[in-house]
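Work through the following exercises with the sequence and the model at hand. Each task is followed by a solution that proceeds step by step.

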Amino acid sequence: MTPTATTRIQAAEFRAAGTDLSERRRSGVSTGPLIDISATPDTIGMHWEADGRLRIGAFTTIAAIAADARLAAAYPGLAASALGLATPQIRHLATLGGNLAQRSRCWYYRNPHIGCLRKGGSDCPAREGNHLYHVAFDLGPCVAPHPSTMAAALLAYDARIATDRRSGLTIGDLLGDGANGAADNALEPGEMITSVELAAPLGGERALYRRAISRTHAEWPLVEVCARAVVRDGAFQFVRLAAGGIAPVPLRLVAAENTLQGKTASAVAIAVAAQQATAGAKPLPMTGYKLDLLRGVVQDLLERLAA
Ligand SMILES: Cc1cc2nc3c(=O)[nH]c(=O)nc-3n(C[C@H](O)[C@H](O)[C@H](O)COP(=O)(O)OP(=O)(O)OC[C@H]3O[C@@H](n4cnc5c(N)ncnc54)[C@H](O)[C@@H]3O)c2cc1C
């Protein structure tokens with residue numbers, strides 16, 4: 001391959017189903033060359049291991065993840081997250097890899113006439129502008145929440161991501177910690193997500209997903225949480241809470257998790273944990289309302305998991 005061809009491929013952008021990319025092309029935010037990518041037998045579908053692990057090919061559609069009965073039995077929070085996002089039409093086309101690598105939905109980022117950090121600019125216009133749908137945990141220079149519902153669910157499941165160059169990446173490795181305002185993820189140029197692996201579920205675990213949304217469907221959530229728990233002998237033996245819509249990357253709600261670990265699954269303990277869900281929050285002037293939503297969603301999920 002000539003140096004010119006190499007440079008061109010590195011500057012090019014992958015297109016999977018194109019449900020996110022098409023909008024960026026249409027609005028003029030993505031203008032460079034494209035490489036259409038598609039599945040091989042190894043990068044699509046569910047691949048179950050004998051020990052109960054599941055590897056999901058990155059080209060598997062969101063609809064296929066939502067509809068798989070064995071996946072739903074083992075990882076109900078992941079299945080419910082897939083079923084809860086976007087629209088049936090989008091889910092039918094959209095791929096898992098494209099969902100994880102989709103770009104910011106910030107209206108300033110998506111406007112080709114406005115500069116921002118994600119486009120090589122020097123500041124974040126949303127910070128001083130209209131940030132009604134933006135972060136309530138202000139962790140970095142860009143205040144847009146990460147848009148991937150699947151990333152939040154996979155964080156709850158401690159999933160590992162493989163690319164054509166690396167394996168064993170956590171969601172944190174893939175998306176960073178929010179400190180880099182210039183990028184939505186830590187993929188290298190030309191690096192392709194190939195699969196996602198989940199450990200076998202814990203014995204007796206249950207999981208649920210819930211989102212608060214500004215209209216009934218076809219919208220990114222204001223707040224979303226995927227929750228897993230093992231409740232045995234009336235006590236929380238294991239709790240895992242991962243939230244999206246609130247920070248530049250999906251967040252584990254560690255303070256709330258720790259509050260419940262080993263505790264009796266009582267209404268009082270759950271109410272205390274729900275308050276802890278917002279520990280460390282730094283809302284923007286317009287996003288304080290997300291903290292109430294987050295506490296409410298967490299409380300609802302925990303009550304259902306304990307019931
Ligand atoms: C009305 C509406 C509501 C929506 N609501 C939600 C929601 O609630 N939650 C949510 O998560 N999403 C939501 N979405 C977004 C939707 O889930 C994404 O558009 C979709 O998942 C992207 O997948 P794709 O295969 O079409 O990716 P593409 O559009 O093809 O690609 C998206 C980006 O990912 C990169 N990419 C694609 N595949 C790979 C890969 N294998 N490796 C590396 N990079 C890759 C591309 O280069 C591109 O930059 C919504 C979309 C719409 C239109």
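**Exercise 1.** Determine how the residues of the shell around the ligand divide by class, and which elements and domains supply them.

*Solution.* In this predicted model, the shell around the ligand divides into 19 nonpolar, 10 polar and five charged residues. Of the 34 residues around the ligand, those that come nearest are Ala17, Gly97, Gly98, Asn99 and Ala101. Turning to the elements, two or more residues of the shell come from each of strand 1 (13-15), helix 6 (88-93), helix 7 (96-101) and helix 9 (149-156), and helix 7 gives the most, with four residues. The last step concerns the domains: because domain 1 (17-31 + 40-134 + 147-198) and domain 2 (206-306) both give residues to this shell, the ligand lies between them.

**Exercise 2.** Describe the contact between domain 1 and domain 2, and identify which helix gives the largest share of the side of domain 1 that touches domain 2.

*Solution.* Begin with the separation, which is 21 Å between the C-alpha centres of domain 1 and domain 2. The contact takes 25 residues from domain 1 and 24 residues from domain 2. On the side of domain 1 that touches domain 2, at least two residues are supplied by each of helix 5 (76-84), helix 9 and helix 10 (171-175), and helix 9 gives the largest share, six residues. Sorted by class, this side of domain 1 has 14 nonpolar, nine polar and two charged residues.

**Exercise 3.** Establish which residues of helix 12 are buried, and where they lie around the helix axis.

*Solution.* The buried residues of helix 12 (residues 267-276) are Ile270, Ala273, Ala274 and Gln276. Since these residues cover an arc of only 155° around the axis, they are on the same side of helix 12. An α-helix has 3.6 residues a turn, so residues three or four places apart point the same way. On the other side of helix 12, Ala267 and Val268 are exposed. The final step is to ask what the buried residues of helix 12 pack against, and the partners are helix 11 (254-260) and helix 13 (289-306).

**Exercise 4.** Assess the overall dimensions of the protein chain against those of a compact globule.

*Solution.* The protein chain has 13 helices and 10 strands. For 307 residues, a compact globule would have a radius of gyration near 19 Å, and the protein chain, with 19 Å, agrees. Along the principal axes, the C-alpha atoms fill a box of roughly 65 × 50 × 30 Å. Buried residues account for 43% of the 307 residues. Finally, among contacts between residues at least 6 apart in sequence, 62% join residues at least 24 apart.

Definitions and conventions:
Residues are numbered from 1 along each chain as its sequence is written. This is a predicted model: local features need pLDDT of at least 70, side-chain atom pairs count only at pLDDT 80 or more; totals for chains, interfaces and linings use all residues. A residue is buried if 20 or more other C-beta atoms lie within 10 Å of its own, exposed if 12 or fewer, and partly exposed in between; C-beta atoms are placed from the backbone. The arc is that of the directions from the helix axis to the C-beta atoms. Two residues are in contact if their C-beta atoms, placed from the backbone, lie within 7 Å. The radius of gyration is taken over C-alpha atoms; the globule rule is 2.2 Å times the number of residues to the power 0.38. A residue is near a molecule or strand if its C-beta atom, placed from the backbone, lies within 6 Å of it. Ala, Val, Leu, Ile, Met, Phe, Trp, Tyr, Cys and Pro count as nonpolar, Asp, Glu, Lys and Arg as charged, and the others, Gly among them, as polar. Domain bounds come from an automatic or database domain assignment.
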